[in-house]
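Subject: Handover of a structure and notes on what it contains

Dear colleague,

I am handing over the structure below for your work. Please keep it open while you read the notes that follow it.

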Amino acid sequence: MNTNPQPCPELAVVETIAKEAGEILLQWSGKLAAEQIQSKSAQRDLVTAADLASEAFLGKALEKHFPGQALLAEEGVVDGNLDLHAETLWCVDPLDGTVNFVHQLPMFAVSIARLRHGEPELAVVHLPRLGETFSARRQGGAYLNGQALQVSAAKSTEDALLATGFPYRRHLLADNNLENFCRLFLHQRGIRRMGSAAIDLAYVAAGRLDGFWELHLSPWDVAAGGLLVQEAGGVVDTMRSGGDWLFGRNLLAGSTALVADLRSRLLAGQGEDFPNLGDRLQSS
Ligand code: IPD
Ligand code: CA
Ligand code: CA
């Protein structure tokens with residue numbers, strides 16, 4: 001495996017920023033008072049003082065090193081005038097895996113991507129507790145702590161270790177992914193639900209997981225991880241082939257063959273009225 005990525009000064013700066021944000025998260029770990037853990041759209045959708053501290057730092061650090069480049073960050077007030085296809089746009093999740101963080105599980109990450117005209121071009125997913133930094137540059141390969149990554153060669157879900165997740169608003173959504181989970185239930189080696197989409201994707205890039213799918217994700221969950229998978233030789237796509245995986249709120253990832261097999265399992269027999277996609281509210 002190639003261990004000599006072409007130096008990219010901008011990516012090195014982003015890695016440093018992600019590690020500094022990770023240090024902030026570690027300082028908060030295990031120290032959150034009850035009132036520093038709040039619910040957002042659903043009771044289980046949490047935001048903590050750690051998310052906010054990490055995001056405040058990231059906003060300042062990115063502005064310092066890359067002045068004038070716009071920021072789309074999970075906990076920020078989303079500016080309706082933000083041009084998602086601007087020349088440059090930072091797409092940041094200051095803490096992906098908030099529920100894990102609150103429960104002191106190690107699977108949480110800082111996720112930073114820069115989009116160029118709506119396409120990820122730089123990506124860092126940093127796991128502070130585990131000391132792992134995944135990074136990628138478009139057409140520059142994907143790396144874990146400097147070691148080149150390659151997606152797994154698995155072709156069939158039957159031999160695959162998969163990951164998925166479930167939306168916080170699962171009580172309101174008809175397409176909450178439970179039926180998809182059941183469709184795969186007897187047709188895989190295992191399914192992990194790690195609680196961080198950014199890590200799920202980084203692990204697909206590393207070949208630790210063979211594939212990943214999820215619905216109702218946001219761009220800050222997937223922008224960096226998606227580029228990692230692509231640069232590790234994999235495919236990121238929507239349930240219906242060729243959609244917008246970054247902003248389209250549903251995503252499949254893995255090798256080309258695995259994604260095709262996973263899609264056929266998920267879509268089998270559902271025709272054009274595929275119900276398990278997008279924001280479909282419960283009818284009752
Ligand atoms: C969540 C995680 C989780 C996914 C949720 C995301 P957060 O992000 O990525 O794995 O299932 O849909 O919202 O809230 O921990 O930043
Ligand atoms: Ca997230
Ligand atoms: Ca988050």
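Glu-10 is partly exposed, since its relative accessibility is 32%. Please note that the model is a predicted one.

**Salt bridges**

Side chains of opposite charge can pair when their charged atoms come close. In this model, 10 salt bridges are counted. One of them joins Glu-10 to Arg-114, with 2.7 Å between the closest N and O atoms. This pair connects distant parts of the chain: Glu-10 belongs to helix H1 (residues 9–28) and Arg-114 to strand E5 (residues 109–116), 104 residues apart. Is Arg-114 buried or exposed? Arg-114 has a relative accessibility of 2%, so it counts as buried.

Arg-114 has a further salt-bridge partner in Glu-121, where the closest N and O atoms are 2.6 Å apart. Both Arg-114 and Glu-121 are buried. Through shared partners, salt bridges unite Glu-10, Glu-87, Arg-114, Arg-116 and Glu-121 in one network.

Another salt bridge is formed by the side chains of Lys-40 and Glu-74, at 3.3 Å from N to O. It also links distant parts of the chain, 34 residues apart: Lys-40 is in the loop between strand E1 (37–39) and strand E2 (46–48), and Glu-74 is in the loop between E3 and E4. Lys-40 has a relative accessibility of 31%, so it counts as partly exposed.

**The two calcium ions**

Glu-74 appears again at a metal site. The calcium ion (ligand 3) is coordinated by Glu-74 (OE), by Asp-93 (OD) twice and by Leu-95 (O), at 2.1 to 3.1 Å. Along the chain, these donors follow the spacing E-x18-D-x1-L. Glu-74 lies in the loop between strand E3 (70–73) and E4, while Leu-95 lies in strand E4, 21 residues apart. Glu-74 and Leu-95 are both buried.

Which residues hold the calcium ion (ligand 2) as protein donors? They are Asp-93 (OD), Asp-96 (OD) and Asp-221 (OD), at 2.1 to 2.2 Å from the ion. The spacing of these donor residues in sequence is D-x2-D-x124-D. Here too, distant parts of the chain are linked: Asp-93 is in strand E4 (residues 89–96) and Asp-221 is in helix H6 (residues 219–231), 128 residues apart. Asp-93 counts as buried because its relative accessible area is 0%. Asp-221 is also classed as buried, with a relative accessibility of 11%.

The calcium ion (ligand 2) and the calcium ion (ligand 3) lie 3.6 Å apart, and Asp-93 coordinates both.

**Around ligand 1**

There are 15 residues around ligand 1, of which Asp-96, Gly-97, Thr-98, Tyr-168 and Glu-214 come nearest. Asp-96 is also a donor of the calcium ion (ligand 2). A polar backbone atom of Gly-97 is 2.7 Å from an oxygen atom of ligand 1. For Tyr-168, a polar side-chain atom is 2.7 Å from an oxygen atom of this ligand. For Glu-214, an N or O atom in the side chain is 2.5 Å from an oxygen atom of the ligand.

**Residues with a positive phi**

Most residues other than glycine have a negative phi, and most peptide bonds are trans. Asn-145 is not a glycine, yet its phi is positive, at about 45°. Asn-145 sits in the loop between strand E8 (142–144) and strand E9 (147–148). His-216 likewise has a positive phi, near 65°. His-216 is found in the loop between strand E12 (211–215) and H6, and it is buried, with a relative accessible area of 10%.

**Two buried residues**

Phe-212 is located in strand E12 and is buried, with a relative accessible area of 0%. Leaving aside neighbours within four places in sequence, the contacts of Phe-212 include Ala-163, Leu-201, Val-204, Leu-217, Leu-251 and Leu-262. Between the C-alpha atoms of Phe-212 and Leu-258 the distance is 9.7 Å, although these residues are 46 residues apart in sequence.

Asp-261 lies in helix H7 (residues 256–267). What is the nearest side chain of opposite charge to Asp-261? It is Arg-265, 4.4 Å away, and Asp-261 is buried yet has no salt bridge. A salt bridge requires the nitrogen and oxygen atoms to be within 4 Å, so a pair at a greater distance is not counted. Not counting residues up to four places away in sequence, Asp-261 touches Lys-155, Ser-156 and Thr-157.

With kind regards

Notes. Residues numbered from 1 in each chain as written. Chains lettered and ligands numbered in written order. Predicted model: local features only at pLDDT ≥ 70, side-chain atom pairs only at ≥ 80, totals over all residues. Heavy atoms only, no water. Helix = DSSP H or I, 4+ residues; strand = E, 2+ residues; numbered from the N terminus. Buried < 20%, exposed > 50% of the residue type's maximum accessible area, 1.4 Å probe, protein only. Lys, Arg positive; Asp, Glu negative; His and termini not counted. Contact = heavy atoms within 4.5 Å. Donors = N, O, S within 2.8 Å, 3.2 Å for Na, K, Ca; no water. Near = heavy atom within 4 Å. Polar contact = N/O pair within 3.5 Å; in protein donor to acceptor, adjacent residues only side chain to side chain.
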